[in-house]
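Work through the two exercises below with the structure in view. Try each task before reading its solution.

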Amino acid sequence: MSGLLGKIDAILAAALAAFGEASEVKALEEARVKYLGVKGQLTEQSRTVGSLPPAERPAAGQAVNLALKEAKAAHQAAAARLERANSQKPGLDVTLPGRRRALGRQHLISRTMDEICEIFERLGFSVVEGPEVETDYYNFEALNFPADHPSRDMQESLFVGEGLLLRTHTSPVQIRTMEKRKPPVWIVAPGKTYRRDDDITHSPMFHQVEGLVVDQGITMADLKGVLSAFATAFFSPDTAIRLRPSFFPFTEPSAEVDIACVLCGGRGCRLCKGSGWLELLGSGMVDPALYKYVGYEGEGVTGFAFGLGVDRAAMLKYGLSNIRHLYEGDLRFLEQF
Ligand code: PHE
């Protein structure tokens, strides 16, 4: 009899310890099964009471019942403790606003390039592209550059192999397009261009949009009209342009196109260095010397071309003081646009 009472005490002590230590619902449930389940250790003891001599049963029964009661109370207390602990953990609050995923955006240069192309598309141009690694033939020769032109020198342009270079302008797309299409041609060609240049207004990699029109009866008035329409659409409705005589091997005559200063409107300020004008692009009437390279001789057509600096246009439009802002990948800058 005293052996049984000692055993009950020992099992009870173990059960109380197990319930007290359980730190998770699963561990507590395992302890409950072990001591209080149908085949649990305390439950088994209550069954042995019936096999005792009748005189010993009341005392033994009472001891088992007390132990069961105490163990069940300890189990309940432990269950309540775990329940409280779990309810304090941060859960899912469906009433909170959702967390927004940070969406990327188009880079200012891509956006500006798209915007420029869209303006020309509205004027009837279509968009074409050409390779960034060019041959001497397309970048220079077929554009009428003389053999000793400085930009054909290894020290001036970025050569990547024998007769291969990173295109210094988008003008080679003029030749590639004319080779493939018969007039009328109305195209713009956006893309990256490369030169050995690096300062606050020049980056070794920059962007241009080339324009080429070859059609019946095209004159310089068409050039001026198209570029004026572009300037007013891109900058502001009252933006004036002017043409200044210039030279390019592939246009004759050639003209530098300026816009009235975006800052002072033409009165003269620091940005335009007092002149009232800002240089925007190079242009001119297509030199008929090009036609023999592309099989346009005898077509009776004339044309004009222009090459617009996208980085420069973006800097003027958004008032950027340093071209490097465009290439540093600093989100504080990029997210403003
Ligand atoms: N390709 C010339 C440049 O990069 C610009 C240009 C294009 C001039 C078309 C005339 C006609 O400087």
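The exercises concern a predicted model and deal with its ligand site, then with one of its sheets.

**Exercise 1.** Describe the surroundings of the ligand: which residues come nearest, and which polar side-chain atoms lie close to its nitrogen and oxygen atoms?

Solution.

Step 1. Start with the shell. It holds 14 residues, of which His169, Ser171, Arg195, Gln208 and Gly307 come nearest.

Step 2. Sort the shell by residue class. It divides into 4 nonpolar, 8 polar and 2 charged residues.

Step 3. Assign the shell to strands. β6 (205–215), β9 (277–286) and β10 (302–309) each supply at least two of its residues. With 3 residues, β10 gives the most.

Step 4. Look at the polar contacts, for which two N or O atoms must lie within 3.5 Å. Ser171 has a polar side-chain atom 2.9 Å from a nitrogen atom of the ligand. For oxygen atoms of the ligand, the distance is 2.8 Å from a polar side-chain atom of Arg195 and 3.0 Å from one of Gln208.

Step 5. Check the cover. On its own the ligand has 330 Å² of accessible area, and the protein covers 90% of this.

**Exercise 2.** Work out the layout of the sheet that contains β2, β3 and β4.

Solution.

Step 1. Set the order. The sheet is open, its 3 strands run β2-β4-β3, and the pairing is antiparallel.

Step 2. Find the edges. β2 (133–135) and β3 (159–161) each have a single partner strand, so each has one side without a neighbour in the sheet.

Step 3. Add the twist, which averages 40° from one strand to the next.

Step 4. Examine one pairing. β2 and β4 (residues 164–166) are joined by 3 bridges. Val133 has Leu166 of β4 as its bridge partner.

Definitions and conventions. Residues numbered from 1 in each chain as written. Predicted model: local features only at pLDDT ≥ 70, side-chain atom pairs only at ≥ 80, totals over all residues. Heavy atoms only, no water. Near = heavy atom within 4 Å. Polar contact = N/O pair within 3.5 Å; in protein donor to acceptor, adjacent residues only side chain to side chain. Areas by Shrake-Rupley, 256 points an atom, 1.4 Å probe, with all protein chains shown as cover. Helix = DSSP H or I, 4+ residues; strand = E, 2+ residues; numbered from the N terminus. Nonpolar A, V, L, I, M, F, W, Y, C, P; charged D, E, K, R; others polar. Pairing = 2+ DSSP bridges. Axes fitted to C-alpha atoms, helices over the stretch in contact; angles between N-to-C directions.
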